[in-house]
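Colleague: I'm more at home with a pipette than with a model, so bear with me. Can we go through the labels one by one, with you telling me what earns each of them?

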Amino acid sequence: MAMATAQPTTADPVKIRLRNLTKTFDTKRGPFLALDNLTLDIPTGCFFMIVGPSGCGKTTLLRILAGLETHSTGTVEISQPADDRPSNSMIFQGDSLFPWMTVWDNAAYGLTIRRLPKAEIKDRVGHYLNRTGLSRFADLYPHQLSGGMRQRVSISRAFANDPDILLMDEPFSALDEQNKLLLQEELLRIWEETRKTVLFITHSVDEAVTLGDRIMVMTAHPGRDKATLDVPFERPRKVLELRARPEYGEFVYNIWSYLREEVHRARAQDEGSSS
Amino acid sequence: MTDVVQKPAAKAAGGSGFSFSIGAGNVDRLMNIASPVFLLLLWEVAARMGWIDVRFFPAPSKIFQTMFTLIENGQLWIHLKASMYRLFWGFLLGGIPALVLGISMGLSRTLRAICDPLVAATYPIPKSAILPLILLIFGLGEASKIVMVGIGLFYPILINTVAGVLEIPKIHFDVSKNFGASKLQVFRTVALPGALPLIMTGVKLGVGMGLILISLSEMVGAKSGLGYMMWNAWEILSVETMYVGLIVIAALGVLFSLILNEVERYLVPWKAAR
């Protein structure tokens with residue numbers, strides 16, 4: 001754990017390097033271009049946000065990086081961790097916990113799969129369940145938890161695995177506004193401990209500005225890089241205080257101006273294909 | 001003194017203020033017991049009054065009398081033990097391959113493509129129709145009975161296991177892949193536990209099928225077992241003994257379903273607690 005907090009000096013400053021990445025799906029109605037010629041550098045330790053209208057291929061991009069999908073053309077370079085830590089762990093959208101495992105076993109999943117020593121598993125899982133306020137619920141099953149608590153388990157599962165990169169696919173989209181706020185603050189707090197490279201997908205501009213160091217706005221289908229902006233707010237951040245500042249509103253508006261056109265285009269595509 | 005403090009909790013659990021009130025569940029349970037008892041009584045009366053032919057429908061009291069005799073002279077135990085022994089080995093012989101093949105088929109599209117037509121073609125064959133063939137191949141000894149039970153158990157467990165794996169949401173497989181699970185680990189941590197609810201359904205159906213087939217196969221080529229006992233009773237016209245066999249098999253069915261429900265509650269706590 002100490003290694004993770006120390007700033008690596010010799011490591012590659014770029015963690016994820018995408019060059020002309022394209023992904024085409026074969027569908028019944030012919031090839032479907034999901035990602036179009038995407039070129040992108042994500043620096044080590046960057047909290048990188050991707051915003052885009054639904055159906056723009058952001059989840060596809062994340063799934064390619066998670067090894068759950070293969071890309072069609074272009075290159076993906078992910079600099080591997082020096083030790084035997086896993087390269088990435090994904091926090092999925094929606095219910096991804098195993099209903100047949102307790103909270104504890106779910107959170108320990110990655111470590112159990114890697115057959116780490118029992119004491120170390122106990123240490124790490126205990127730490128993150130504690131950080132997410134779930135220690136008391138370790139023996140419960142997911143169906144006994146609220147949606148917010150389930151997503152906390154899923155965050156603990158990814159963090160406990162101590163990966164080099166965290167891939168987060170709209171992890172808070174199913175939560176109500178209050179729970180979302182709490183979890184965003186929790187995520188920031190836990191992330192400050194380790195400062196891992198994060199790739200976070202969202203359709204919420206607020207969430208992107210609140211959490212991210214850098215934001216990429218994606219175009220409507222097919223997914224391209226529309227604009228990439230650096231978030232000018234210092235860390236550590238307090239979500240509510242940040243949102244009360246006038247610069248925050250300005251910056252959100254700024255992102256929206258890029259996004260608005262794409263959202264309208266996405267809607268036009270939807271209406272075009274459904275009629 | 002502490003008793004007085006704890007009383008309100010019990011009251012709250014009962015719902016109403018009167019703690020001995022008969023809930024809907026109790027009424028159901030009462031009727032569950034009352035209906036067979038009533039039927040037995042009616043049967044007893046009908047037999048004694050001569051409304052039914054006691055050569056075919058002996059009075060329940062006579063049947064239970066015979067049952068006690070069979071228990072006392074040890075006959076019933078011998079046959080029961082023989083049947084249970086075959087059922088047990090048939091369960092292992094048919095159940096374990098069905099489980100392994102079922103999960104593998106659920107996980108592998110290729111294996112499904114290969115095995116699906118074979119299963120579809122062989123499943124509808126009445127198991128009783130292959131009994132002569134099984135007797136021919138495995139002889140009149142224990143093997144043929146065990147194989148019959150095994151075959152009977154194999155299909156319901158296999159088919160339900162495949163369905164159980166296919167019903168697991170894809171996201172769970174994505175999670176295990178992303179966390180680097182090996183094929184064996186996916187089998188153990190996702191496919192098997194995820195399919196367990198339907199596997200248990202398959203086991204319950206399979207055990208029922210096993211009971212049918214064990215009595216059937218013991219009627220044809222055996223010198224022991226509940227099936228043999230009933231067939232022998234037909235040959236010597238001991239109708240009461242036939243009924244004893246029926247009652248014991250029915251009781252076994254109930255007992256197995258109770259045991260399996262408990263096993264299910266233990267193995268699938270995440271489904272039972274709803």
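Modeller: Sure, ask away.

Colleague: What makes strand 1 (residues 14-27) of chain A and strand 4 of chain A partners?

Modeller: 5 bridges join these two antiparallel strands of chain A. Strands pair if DSSP finds at least two bridges between them, so 5 bridges qualify. One of the matched pairs is A:Leu18 with A:Val76 in strand 4 of chain A. Helices (H or I, at least four residues) and strands (E, at least two) are DSSP runs, numbered from the N terminus. Before you lean on any of this, it is a predicted model, where local features need pLDDT of at least 70, side-chain atom pairs count only at pLDDT 80 or more, and totals for chains, interfaces and linings use all residues. Residue numbers start from 1 along each chain as its sequence is written, while chains are lettered from A and ligands numbered from 1 in the order in which they are written.

Colleague: Why are strand 2 (30-43) and strand 4 (73-78) of chain A called edge strands?

Modeller: The open sheet has 3 antiparallel strands of chain A in the order 2-1-4. Strand 2 and strand 4 of chain A each pair on one side only, which is what the edge label says. From one strand to the next, the twist averages 20°.

Colleague: And the other sheet: which strands does that open sheet of chain A hold, and in what order?

Modeller: That sheet has 6 strands of chain A, ordered 5-6-7-3-8-9, with mixed pairing. Strand 5 and strand 9 (225-230) of chain A have a single partner strand each, so one side of each has no neighbour in the sheet. The average turn between neighbouring strands is 15°, direction ignored.

Colleague: What justifies "mixed" for the pairing in that sheet?

Modeller: Take one pair of each sense. Strand 5 and strand 6 (residues 165-169) of chain A run parallel, joined by 4 bridges, and A:Met90 has A:Leu167 as its bridge partner in strand 6 of chain A. Strand 8 (residues 214-218) and strand 9 of chain A pair in the antiparallel sense over 5 bridges, and A:Met218 is matched there with A:Asp225.

Colleague: Which strands of chain A does helix 2 (residues 58-65) of chain A touch on the sheet?

Modeller: Helix 2 of chain A touches strand 3 (47-51), strand 5, strand 6, strand 7 (197-202) and strand 8 of chain A, and its direction makes about 150° with that of strand 7 of chain A. Helix 6 (residues 147-160) of chain A touches strand 5 and strand 6 of chain A, at about 175° to the direction of strand 5 of chain A. Touching means C-beta atoms, placed from the backbone, within 7 Å.

Colleague: How do you know whether the residues on the two faces of strand 5 of chain A are buried or exposed?

Modeller: By counting other C-beta atoms within 10 Å: 20 or more is buried, 12 or fewer exposed, and in between partly exposed. A:Asn88 and A:Met90 on one side and A:Ser89 and A:Ile91 on the other are all buried, leaving both faces of strand 5 of chain A covered.

Colleague: Why does A:Trp191 get the label "partly exposed"?

Modeller: A:Trp191, in helix 7 (residues 177-194) of chain A, has 19 other C-beta atoms within 10 Å, so it falls in the middle class. Leaving out residues up to four places away in sequence, A:Trp191 touches A:Phe47, A:Lys196 and A:Val198.

Colleague: What makes helix 6 and helix 7 of chain A "roughly parallel"?

Modeller: Their angle is about 15°, with the axes 11 Å apart. Axes are lines fitted to C-alpha atoms, for helices over the stretch in contact, and angles run from 0 to 180 degrees between N-to-C directions. Under 35 degrees is roughly parallel, over 145 roughly antiparallel, 65 to 115 roughly perpendicular, the rest oblique, so these two helices of chain A are roughly parallel. Residues in this contact include A:Ile155 and A:Phe159 of helix 6 of chain A and A:Leu183 and A:Leu187 of helix 7 of chain A.

Colleague: And why do helix 4 (residues 75-107) and helix 7 (residues 142-166) of chain B get their angle label?

Modeller: They pack at about 30°, axes 6 Å apart, which makes helix 4 of chain B roughly parallel to helix 7 of chain B. Their contact has 21 nonpolar, 9 polar and 3 charged residues. Ala, Val, Leu, Ile, Met, Phe, Trp, Tyr, Cys and Pro count as nonpolar, Asp, Glu, Lys and Arg as charged, the others, Gly among them, as polar.

Colleague: Last one: how many residues does each chain put into the contact?

Modeller: Chain A gives 19 residues and chain B gives 14 residues. Helix 4 of chain A supplies the largest share of chain A's side, 3 residues.

Terms used:
Contact = placed C-beta atoms within 7 Å.
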